[in-house]
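Please open the model in your viewer and keep a selection panel at hand. The tour below goes from one selection to the next and says what is there at each stop.

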Amino acid sequence: MTEGLSTHTKHEVVIAGGGPTGLMLAAELALAGIGVAIVERRPNQDLPGSRAGGLHARTIEVLDQRGIAGRFLAEGQVAQAAGFGPARLDLSDVPTRHNYVLGLWQKHIERILGGWVGELPVTFYRAREVTGFVQDADGVDVLLSDGLSLRAEYLVGCDGGRSLVRKAAGIGFPGWDPTTSSLLAQVEMAEEPELGIRRTPSGTHALGKVEYEIKDGEVVYMPGGTVGVMLTEPHVGTGEPTLRDLSEGLIAVYGTDYGIHSPTWISRFTDMTRQAAAYRDRRVLLAGDAAHVHAPDGGQGLNTGVQDAVNLGWKLAQVVKGISPDGLLDSYHTERHPVGARVLRNSMAQVALRRPDERSEALRDTVAELLGMDEPRKRFAAMMSGLDIHYDLGEGHPLLGRRMPDLDLVTADGPLRVFTLLHTARPVLLNFGDPGSFDAVPRPDRVRLVDASCAGAWELPALGTVPAPTAVLIRPDGYVAWVGGPAQPGLADALSTWFGPPAGQ
C-alpha cells in the first residue's frame, strides 16, 4: 500500500531505498510481523535499463527458503557456469538444487520481488526521498523530501553507493578510488552493429541486442531494435555521460557510431571499491550498496545485498519485538562485513585480470589454467555462488555457521524439504536422532521442533562430505547456529543467544 501525507507517522522500521536489498529486507520484516515502510524516490517499481543481470546459487536458495524461487525461475535463463575473470566455472557438480546462475535483468528481479512484497503488509512512500534524520535513545525521526516526518525505532539505509543515510550517520566509507570506467547504454542504431566482444589496448567492449529469441537452443537476435553497448573508456570518466560521449567512444573502437540515437538510458560504472567502516550506528543500519560498492565483475553486488537483508531482517525483528537485546544487531556487522570485504577483494582481482596489457594477459592465462583444475574450480565456484559463506560461530561440526543444505526429509507429516520449513522465516530445531529426544528441551515458542530422517551423504560446497549430525538448530536465514545431540552442551546457550529466552521465562 502507498501512504499519504501526515505530519508525523510512526513505523517500527523505515527503509530508505526500494531496490532489491530494500525490498528483501521489507519482506523479511513483514514476515516477522514488523510494521515496516519503504521510502523510494521512484514513483513505481519500474527500472529503466538492465543493471545487474543474474542471481547466484545462494541467492536463489534464499528465495527458495521463502517459497518464491519459482517466480524467478519461470522468467530467467539458466546457465550452469559462473565466472571469475577469464575462467568459466562449471557448477554442474556443486551440491545444491540450484547449481547454476540465473540470467535475469535487475528490472525483472525488482518487479518480481516487488510483486511478493505487495502481498505483504508493507507501506510505501513513493516519489520521495530521505533527506535527513535525527536519532535519539528511543528511535529515529526521518525527514522526507516533501516535508513529511516519520518516526521509527530503526532506520535502514538501502539507498545505494551514494547513500545519504550512511553520510548523515557519519559512517566512514574507506577504500580505493576508480582506476577504470566504462559506459553502459541501451540505444537505437541506424545501422546493424558488429555484435559480440572486442578487445583493444583500452580494454574490453561489447555490443549486444536486447531483443532475441531462442531457436533450437541457439540465440537468434532480431533485426533492428535496441542495442546494448558497453565501452571501456581510455581514461577514468566522471559525471553524467552523454550520447556524444557514447558516439565518440564507439568511433574510437569501431570506427563508426552506427548512427546511434534515441537512448533508453546511458550510465557509467567504475571499479571504485569501498566498504562502510561500520554497518551500524546505534539505531541506523546499512545494507546493500550503501554498505559496499565494487566493480560489477562476477555479478556479486545485488546478490550480496539481498543476502545482507536476509541476515539482518530476523535479527532486527527480534530486537524490535523485545525478544532479543539490542546487542544482537552487532552480529549483523560481525557476520556480513567480512563477507563484503571478500567480495571487494575478489572483484578487484577480476578487474586486474581484465586489464589489456600483455602482463595481465599472461596472468589471465595462468589463472585460467589454475581454475581449470578441479579443486580450485570447486573452491572458486562455491565462493562466487555464495555457497561457501561461513559465519564464525566457534569450533565444532563443519556445518556450524554454514548454510543448511536443502535435504529431502521424511517426517511425521510426510516427505518435505528443509527449505520448506523456512518459508515462514522461523527458526527450526531439526532432530535426526531418536524421535522425541528434544521434546523436553526448553525453547522459545517460535523455534519449531521437527523430528526427521534423511538418507544419503551430507555434502557441503568446497568442503565435500561431512559427518551426518544428530541435530541442527537452523536460523531463519538458513545458517546453522548449533550442531549436536540431546546430551551435548551448548543448545540452551545457542537458543537464548539467537532467539531469546525459552517460553514462560
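Begin by selecting strand E19, residues 260-270, and pick out Ser 262, which lies within that strand. In this predicted model, Ser 262 has a positive phi of about 50 degrees although the residue is not a glycine. The side chain and backbone of Ser 262 together leave the residue partly exposed, at a relative accessible area of 45%.

A second residue of this kind can be selected next: Arg 282, which is placed in the loop between strand E21 (280-281) and strand E22 (284-286). Arg 282 is likewise not a glycine and has a positive phi of about 55 degrees, and with 53% relative accessibility Arg 282 counts as exposed.

**The whole chain**

Now zoom out and colour the protein chain by secondary structure, which comes to 11 helices and 31 strands. The radius of gyration of the chain is 24 Å, close to the 23 Å that the globule rule gives for 505 residues, so the chain is as compact as a globular protein of that length. If you align the view with the principal axes, the C-alpha atoms fill a box of roughly 75 × 60 × 40 Å. Among the 505 residues, 54% count as buried, and the accessible surface comes to about 21500 Å², with 53% of that surface belonging to carbon and sulfur atoms. Considering contacts in the chain with a separation of 6 or more, 70% are made by residues 24 or more positions apart.

**Salt bridges**

How many salt bridges does the count come to? The count comes to 32, and three of the pairs are worth selecting in turn.

Select Asp 64 and Arg 417, which form a salt bridge whose closest N and O atoms are 2.5 Å apart. Arg 417 lies in strand E25 (residues 414-417) and Asp 64 in helix H2 (residues 57-65), so this pair ties together parts that are 353 residues apart in sequence. The two partners can be compared by their accessibility: Arg 417 is partly exposed, with a relative accessible area of 25%, while Asp 64 counts as buried at 8%.

Move next to Asp 177 and Arg 274, where the closest N and O atoms of the salt bridge are 2.4 Å apart. This pair, too, links distant parts of the chain, since Asp 177 is in the loop between strand E12 (175-176) and strand E13 (181-189), Arg 274 is in strand E20 (residues 273-275), and the two are 97 residues apart. Asp 177 is exposed, with a relative accessible area of 53%, whereas Arg 274 counts as buried at 18% relative accessibility.

Returning to Asp 64 and Arg 417, extend the selection to Arg 97, Asp 406 and Asp 408, for salt bridges that share partners join these five residues into one network.

The third pair is Arg 42 and Glu 40, whose side chains meet in a salt bridge at 2.8 Å, N to O. Here both residues, Arg 42 and Glu 40, are buried.

**Around Asp 388**

Select Asp 388, found in the loop between helix H10 (374-385) and strand E24 (408-411). Is Asp 388 buried or exposed? Asp 388 counts as buried, at 13% relative accessibility. The side chain of Asp 388 makes a polar contact with the side chain of Arg 342, at 2.7 Å. If neighbours within four places in sequence are set aside, Asp 388 is in contact with Arg 342, Arg 379, Ala 382, Met 383 and Arg 402.

**Helix H11**

For the last stop, select helix H11 (residues 491-499) and display the side chains of its buried residues, which are Leu 491, Ala 494, Leu 495, Trp 498 and Phe 499. Viewed down the axis of H11, these buried residues fall within an arc of 100 degrees, so they line one face of the helix. The spacing agrees with a general point: an α-helix has 3.6 residues a turn, so residues three or four places apart point the same way. On the other side of H11, Ala 492 and Asp 493 are exposed.

Which elements are included in what covers the buried residues of H11? Included in that cover are helix H7 (301-320) and helix H8 (330-353), together with strand E26 (428-431), strand E30 (471-474) and strand E31 (480-484). Finally, step to Gly 500, the residue that follows H11, whose phi is positive, near 85 degrees.

How values were computed. Residues are numbered from 1 along each chain as its sequence is written. This is a predicted model: local features need pLDDT of at least 70, side-chain atom pairs count only at pLDDT 80 or more; totals for chains, interfaces and linings use all residues. Side-chain values use heavy atoms; hydrogens and water are left out. A salt bridge is a side-chain nitrogen of Lys or Arg within 4 Å of a carboxyl oxygen of Asp or Glu. Buried means under 20% relative accessible area, exposed over 50%, partly exposed in between (1.4 Å probe, protein chains only). Helices (H or I, at least four residues) and strands (E, at least two) are DSSP runs, numbered from the N terminus. The arc is that of the directions from the helix axis to the C-beta atoms. Contact means heavy atoms within 4.5 Å. A polar contact is a pair of N or O atoms within 3.5 Å; within protein, one must be able to donate a hydrogen and the other to accept it, and residues adjacent in sequence count only if both atoms are side-chain atoms. The radius of gyration is taken over C-alpha atoms; the globule rule is 2.2 Å times the number of residues to the power 0.38. Accessible areas come from the Shrake-Rupley method with a 1.4 Å probe; for residues, only the protein chains shown count as cover.
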